[in-house]
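Subject: Structure handover

Hello,

Here is the structure for your work. My notes on it follow below the view.

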Amino acid sequence: MKKCVFFLLTAFALSSCNNDDLQTSAIESEIVQTDPLTARQINDKINETTKTKGRFSWNESSSHFLWSGIVQGNKVASIGFGDSKDDFDRSKSSNSEALQNEILEVISQYEGKKDRVLMASDEYLNQIDVYIEKQETVIALRKLKSIRYFEPADYHYFENENKLSGVAKSSGSSSGCGLESTALSSADYTTVTPNAKAPWSFAKHNITSAWNYSTGAGITIGLIDSGVSFNQGLLSGSFNNGSSSGRTISKNGVYVDSVWPWSSGYDGADDKCGHGTSMASAMAAPRNNLGQPVGVAYNANLISYRAASNVVLDGYHEQEGVKTAFTALGNNTSVKIISMSMGHIFSVGKIEDGVKYAYSKGKLIFCAGGTSTSFTTFVGVIFPAWMPETQAITGVKENTSNQKCDVCHSGSEIDFTYQMERASGNNIPVLSYYNSQTDYVGGSSVATASTAGIAALVWSKNPSWTRDQVLNKMRQSSTYYPTKNADFGYGNINVLQAVQ
């Protein structure tokens, strides 16, 4: 009799509940910890996972961990949605609006509000930024099959690591910035007509000899970085100085300089870091008559995007800026090559979407394999260089193809190497931030920019080629072709061979 009564009571209870009640009960049962983790706890878990598994992903974390990251990141989340994992292009998605509305309705239901839910909706990608406060909302959203990724949009891993390690936020060891100038050693360059300094690495890769066949004319390179200095004349009004002619440089800004993710208003195209200026110089500085360093593809066009304040893509505005730059360059039909010497130690969904979007438009994308900071020496190839849509580049020591530079990363995802570190410790001569001044730059950053310049030489020699044909020629002209080295890809490129 007791069993019968219990059954009847249970049946009555279930019949009086609606689906929303059941779903709410199920979600509440998942909530074990009601307080968010601290930044220290989050960073420790990220570091532990990276060391033990090689990669960290928000998608593979618990709902409580994800919610903690959102709370610690101004309560802003980034969501990628679609009918499949590759459904990132809004123009090719038949029901993107319906899927977006479904997500927003779930957020409104669990947050208990209609306004201040959607912060931004991408014009080209199936990606939105939303405000989330409650752990219940996170759990409910993760049950939707339409969500491709769900991440904190403004969690500052590097800034938190700096604070917790007692390192100043502006530490140059991690930002890649520097506006200083350095006189060049005469051993680190050769003078070429009309009076330009060709960096020592050019002879090692047969770049100066390759100029007899190609100078990069007719090819446009897109640079995603910290901008290009308005104070450096050879990367401004004198871009066609000396033997460089008939080409253009365009500078754009898509970075918002604010600690608040909801702030708007780009702060311009001018470089305030110095890193982007160095990259622009390495790949495309003019073959000038002023006694200054020349770039690899001295007749290529250049379109630069100031997308971040420095090389560490930490936080909302840097990640949003890089995503925007990739989609803009993807939509620019004149752009053949994209180079980015910035990154993160774990994936960022919106940037991944941006890379895939640009790749789907036929762009050849080069990304830096990684340059160590004081607390990321345990990391292999960084994001987005590890993506199959990009070519990952790292720097090696002079006269080697399998001895990485002292601060460079290596790993199975590396595709090419570039010699950028001498026995003396000197790196690659480049134009400085300021007019008529020079500097040295190293790491996988300059290796990447230089390799993008090499690709421009190959494509300029063969303007009708596809991306894959250019890439195959670069591989065939490299040290380890046809078998990739386990940690250094195809190795160094013989550029003369690549353009013949």
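I start with a surface residue: Val259 sits in the loop between strand 8 (249-253) and helix 11 (275-284). With a relative accessible area of 55%, Val259 is exposed. Together with Trp260 and Trp262, Val259 forms a nonpolar patch on the surface, and the three have about 330 Å² of accessible area together.

Please keep in mind that this is a predicted model. The protein chain has an average pLDDT of 92, and 91% of the residues score at least 70. Over residues 1-17, however, the pLDDT is below 50, and this stretch has one contact in the model beyond near neighbours in sequence. A second stretch, residues 168-173, also stays under 50 in pLDDT. For residues 168-173 the model has five contacts beyond four places in sequence. Where pLDDT is low, the predicted coordinates should not be read in detail.

Salt bridges

Searching the whole structure gives 19 salt bridges. Three of them are described here.

One of them joins the side chains of Glu413 and Arg55, at 2.6 Å from N to O. This pair links distant parts of the chain, 358 residues apart. Glu413 is in the loop between strand 12 (390-397) and strand 13 (414-421), while Arg55 is in the loop between helix 3 (39-53) and helix 4 (63-71). How exposed are the two partners, by relative accessible area? Glu413 is at 24% and counts as partly exposed. Arg55 is partly exposed as well, at 31%.

The side chains of Lys350 and Asp129 also meet in a salt bridge, with an N to O distance of 3.2 Å. Here Lys350 belongs to helix 13 (residues 349-360) and Asp129 to strand 3 (residues 127-131), and the pair links distant parts of the chain, 221 residues apart. Is Lys350 buried or exposed? Lys350 has a relative accessible area of 2%, under the 20% cut-off, and is therefore buried. Asp129 is buried too, with a relative accessible area of 0%.

A further salt bridge is made by the side chains of Lys204 and Glu398 (3.4 Å, N to O). Lys204 lies in helix 9 (residues 200-204) and Glu398 in the loop between strand 12 and strand 13, so this pair ties together parts that are 194 residues apart in sequence. Lys204 counts as partly exposed, at 34% relative accessibility. Glu398, with a relative accessible area of 16%, falls under the 20% cut-off and is therefore buried.

Some of the salt bridges share partners, and in this way Asp122, Asp129, Glu320, Lys323 and Lys350 are joined into one network. The Lys350 and Asp129 salt bridge was described above.

Aromatic pairs

A search of the whole structure also finds 17 aromatic pairs. Among them is the pair of Phe56 and Trp58, which is edge-to-face, with 5.1 Å centre to centre and 80° between the planes. Both Phe56 and Trp58 are buried. Which residues do ring pairs link into a cluster with Phe56 and Trp58? The other members are Phe65, Tyr155, Tyr157, Phe158 and Phe346.

Regards

Terms used
Residues are numbered from 1 along each chain as its sequence is written. Side-chain values use heavy atoms; hydrogens and water are left out. pLDDT is the predictor's confidence in each residue, from 0 to 100. Contact means heavy atoms within 4.5 Å. Patches are made of residues with over 30% relative accessible area and no salt bridge: like charges are joined within 9 Å, nonpolar side chains (Val, Leu, Ile, Met, Phe, Trp, Tyr) within 5 Å. Accessible areas come from the Shrake-Rupley method with a 1.4 Å probe; for residues, only the protein chains shown count as cover. A salt bridge is a side-chain nitrogen of Lys or Arg within 4 Å of a carboxyl oxygen of Asp or Glu. Helices (H or I, at least four residues) and strands (E, at least two) are DSSP runs, numbered from the N terminus. Buried means under 20% relative accessible area, exposed over 50%, partly exposed in between (1.4 Å probe, protein chains only). Rings of Phe, Tyr and Trp (its six-membered ring) pair if their centres lie within 6.5 Å; planes under 30 degrees apart count as stacked, over 60 as edge-to-face and the rest as tilted.
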